[in-house]
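Okay, everyone, thanks for coming. Let me put the model up, and then we'll walk around one helix together.

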Amino acid sequence: WLDRLGAGRAPTGVTLAPAPRVAVAAERPAALFEINWQPLPSVGADVAPVAGRWLLIADEAGIELADTLADPLTVANQTVDMLALEPAVARLRAAHGAPLVGVVLLSGLAAETPRPEQVAQLMPLELLQALLALPAPPRLWLLSAGGQTPGPLAPTPHPLQALRAGLALVLAQEHPGLRATLLDLDPALPLTAQAAALAHHLLAPDAQAEPRQALRGGPWLAPR
């Protein structure tokens, strides 16, 4: 170091020692836990769904998927209503119409930057409050696209949408009556091309209870 006159001085009272060697990956102990995404059991097409009423909540980015999803639901003898977020919240608070069997949240699928309005789309607290105020709330399905990584090499083009996965996990613990479930769609395919598989999954028996699920290459996957 240099003193106030700029002359060099050797430090005193300092002990030098080699830095500890960092173990290479092959020498590190194996992890105690490892998450693997496993295919969920498929449900046969011969299982007839019970008729019910669904509410699809979409913004501008999700309206095309909502329109495409409504078709197979209607063919399966389901009644489908499509609303934006604010009218949907108002309807739930007014308890207007027949009871719902499911609410599908398709808003926020274009969220990429953590701006307050996009975070509010991914985690709509007013919608949750309206659902929890119902005596028998419908099942809540939270959609994302490319927010999960179901495999070591799987791309995650929209990591901000992982907020929705965290919301599903919290709701599963604190409000199990909502049966909140995240469905992460395949980012490598057009969203509308996955509408038929999505509708079939929504109408499947309630055995698919994992709070996080992802559609990749055909089967639905869940972390185990």
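So, what covers the buried residues of α2? The cover includes two strands, β2 (53–57) and β3 (79–83), plus the helix α4 (125–132). Keep in mind that this is a predicted model.

Now look at α2 itself, residues 85–94. The buried ones here are Ala 88, Val 89, Arg 91 and Leu 92. Why do they end up on the same side of α2? Because they cover an arc of only 160 degrees around the axis. If helix geometry is new to you: an α-helix has 3.6 residues a turn, so residues three or four places apart point the same way.

Flip to the other side of α2, and you'll find Glu 86, Arg 93 and Ala 94 exposed. And just after the helix, Ala 95 takes a positive phi of about 50 degrees.

Okay, back to α4. How do α2 and α4 sit relative to each other? Their axes come within 9 Å and cross at roughly 20 degrees. Angles under 35 degrees count as roughly parallel, and therefore that's what we call α2 and α4. The crossing, as α2 passes α4, is left-handed.

Who's doing the touching? On the α2 side, Leu 85, Val 89, Leu 92 and Arg 93. On the α4 side, Glu 126, Leu 127, Gln 129, Ala 130 and Leu 131. Sort that contact by class and you get 6 nonpolar residues, 1 polar and 2 charged.

Notice that Val 89 and Leu 92 turn up twice: they're buried in α2, and they also help make the contact with α4.

Notes
Residues are numbered from 1 along each chain as its sequence is written. This is a predicted model: local features need pLDDT of at least 70, side-chain atom pairs count only at pLDDT 80 or more; totals for chains, interfaces and linings use all residues. Side-chain values use heavy atoms; hydrogens and water are left out. Buried means under 20% relative accessible area, exposed over 50%, partly exposed in between (1.4 Å probe, protein chains only). Helices (H or I, at least four residues) and strands (E, at least two) are DSSP runs, numbered from the N terminus. The arc is that of the directions from the helix axis to the C-beta atoms. Contact means heavy atoms within 4.5 Å. Axes are lines fitted to C-alpha atoms, for helices over the stretch in contact, and angles run from 0 to 180 degrees between N-to-C directions. Angles under 35 degrees count as roughly parallel, over 145 as roughly antiparallel, 65 to 115 as roughly perpendicular and the rest as oblique. A crossing is left-handed if the near helix is turned anticlockwise from the far one by less than a right angle, and right-handed if clockwise. Ala, Val, Leu, Ile, Met, Phe, Trp, Tyr, Cys and Pro count as nonpolar, Asp, Glu, Lys and Arg as charged, and the others, Gly among them, as polar.
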